[in-house]
Amino acid sequence: MGKVDLHIHTTASDGVLTPEEVVQAAIDKGLSAIAITDHDTVEGITQALTAAQHADLEVIPGVELSAEQDSREVHILGYYIDRQSRALQRKLEVLRQARKERASKMVRKLARMGLPVSWQRVQEIAGNSSAFGRPHIARALHERGYVASVNDAFRRYIGLDGPAYVARYKLSPKQAVEMIRAAGGLPVLAHPWRQREMVAGLAGLGLVGLEAYCPGYSAEESGELVRLGEKYNLIATGGTDFHGYGENGVRPLGDAPVPMQALLRLRALAGRRMDG
Ligand code: AMP
Ligand code: FE
Ligand code: FE
Ligand code: ZN
């Protein structure tokens, strides 16, 4: 059985590959399952499901919501979410509108700092995405030669402490979990290493899992997160948080050592909730 990657972004949010391209790359790599987890949108899911229709690849519908607690970012993934839910779509639309306004504020801030990029161009880079993210702005900065890479743009200008940073709307983790559950999804705490002391509190909100296998996590760190998960009955999941930018292209896709057991447990929970 092939590998699974449960954290992937596409052009529907701030990824570089279309949902079809992600599916093709996953097929080429022989993965058995992928989850599409775009920021604040479920728009890429139908395309991915269609592209995988005749392949031996499971596509799990997902989403990634950004929340904030104690001035720290907390990301919550939602698996097996009902992408047709009108209530979900309405709420996501509000979040995306806030993203758009915030992105244009950052562009104005950059212009005042002597780093003009056109809003038009940022929109072009975002393409079909309605979920504007800092990576779109980073790519515009890179293209103009103001920064050496997307990462450099975050480091110098648009990271949390950067001079052009503008905060986004603030969902609480509780609101994010409730939004996912209301749409039939399974909430999982994303890349929680730096938030691991918050897990005890967050576990009580209705999470079913936490990511333990993420890029850059050592075996010791993953082990610590697995044990933390066991303590609160959370499934240890993970994925590459694939975005497709950088010189590595599709190489990282499927590279996180996510155990098949994680997917089986999520699947069982999703089934149980659908039956019940
Ligand atoms: P936003 O959702 O607009 O606040 O942007 C956050 C997103 O930017 C994250 O979900 C990542 O996809 C990406 N990101 C954050 N930090 C970096 C970085 N240092 N280099 C590249 N991408 C980053
Ligand atoms: Fe992202
Ligand atoms: Fe994230
Ligand atoms: Zn992500």
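Tutor: Two residues are in contact when heavy atoms of theirs lie within 4.5 Å. The model is predicted, with local features needing pLDDT of at least 70, side-chain atom pairs counting only at pLDDT 80 or more, and totals for chains, interfaces and linings using all residues. Residues are numbered from 1 along each chain as its sequence is written, chains are lettered from A and ligands numbered from 1 in the order written, and side-chain values use heavy atoms, with hydrogens and water left out.

Student: Which residues does Thr237 touch, leaving aside residues up to four places away in sequence?

Tutor: Thr237 touches Leu6, Val188, Leu210, Glu211, Ala212, Tyr213, Val258, Ala262 and Leu266. Thr237 itself is found in strand S7, residues 235-238; a strand is a DSSP run of E with at least two residues, a helix a run of H or I with at least four, and both are numbered from the N terminus.

Student: Why does Thr237 count as buried?

Tutor: Buried means under 20% relative accessible area, exposed over 50%, and partly exposed in between, with a 1.4 Å probe and protein chains only. Thr237 has 0% relative accessibility, so the residue counts as buried.

Student: What makes His7, His9, Glu64 and Asp241 donors of the zinc ion (ligand 4)?

Tutor: A donor is an N, O or S atom within 2.8 Å of the metal (3.2 Å for Na, K and Ca); water is not among the atoms, so a site may look incomplete. The zinc donors are His7 (NE2), His9 (NE2), Glu64 (OE) and Asp241 (OD), and they lie 2.0 to 2.2 Å from the ion. These distances are within the cut-off, so the atoms qualify.

Student: Why is the arrangement around the zinc ion (ligand 4) called irregular?

Tutor: Four donors are tetrahedral if all angles lie between 85 and 135 degrees; four are square planar and six octahedral if opposite donors are over 155 degrees apart and all others between 65 and 115; anything else is irregular. The four donor atoms at the zinc ion (ligand 4) subtend angles of 83 to 175°, which makes the arrangement irregular. For reference, ideal angles at a metal are 109.5 degrees for four tetrahedral donors.

Student: How are the zinc donors spaced along the chain?

Tutor: The pattern for the zinc ion (ligand 4) is H-x1-H-x54-E-x176-D. His7 lies in strand S1 (residues 4-8) and Glu64 in strand S3 (residues 58-69), so the pair ties together parts 57 residues apart in sequence. His7 has a relative accessible area of 0% and is buried; Glu64 is also at 0% and buried.

Student: Which protein donors does the iron ion (ligand 2) have?

Tutor: They are Asp14 (OD), His39 (NE2) and His243 (NE2), lying 2.0 to 2.3 Å from the ion. Asp14 is in the loop between S1 and helix H1 (19-28) and His39 in the loop between strand S2 (33-36) and helix H2 (45-52), a pair 25 residues apart that links distant parts of the chain. Asp14, at a relative accessible area of 5%, is buried, and His39, at 9%, counts as buried. The iron ion (ligand 2) is 4.5 Å from the zinc ion (ligand 4).

Student: Which protein donors does the iron ion (ligand 3) have?

Tutor: Glu64 (OE), His75 (ND1) and His191 (NE2) lie 2.0 to 2.2 Å from the iron ion (ligand 3). This ion and the iron ion (ligand 2) are 5.8 Å apart.

Student: Is His191 buried, partly exposed or exposed?

Tutor: His191 has a relative accessible area of 22%, so by the cut-offs it is partly exposed. His75, at 14%, counts as buried.

Student: How do you know that Asp14 makes a polar contact with ligand 1?

Tutor: A polar contact is a pair of N or O atoms within 3.5 Å; within protein, one must be able to donate a hydrogen and the other to accept it, and residues adjacent in sequence count only if both atoms are side-chain atoms. An N or O atom in the side chain of Asp14 is 3.2 Å from an oxygen atom of ligand 1, so the pair qualifies. Polar side-chain atoms of Arg99 and Arg102 lie 3.1 Å and 2.7 Å, respectively, from an oxygen atom of ligand 1.

Student: What makes a set of residues a nonpolar core?

Tutor: The set consists of buried Ala, Val, Leu, Ile, Met, Phe, Trp, Tyr and Cys residues joined through side-chain atoms within 4.5 Å. The largest has 68 residues, and Ile34, Leu65, Tyr79 and Leu266 have the most contacts inside it. S3 gives the most to this core, with five residues.
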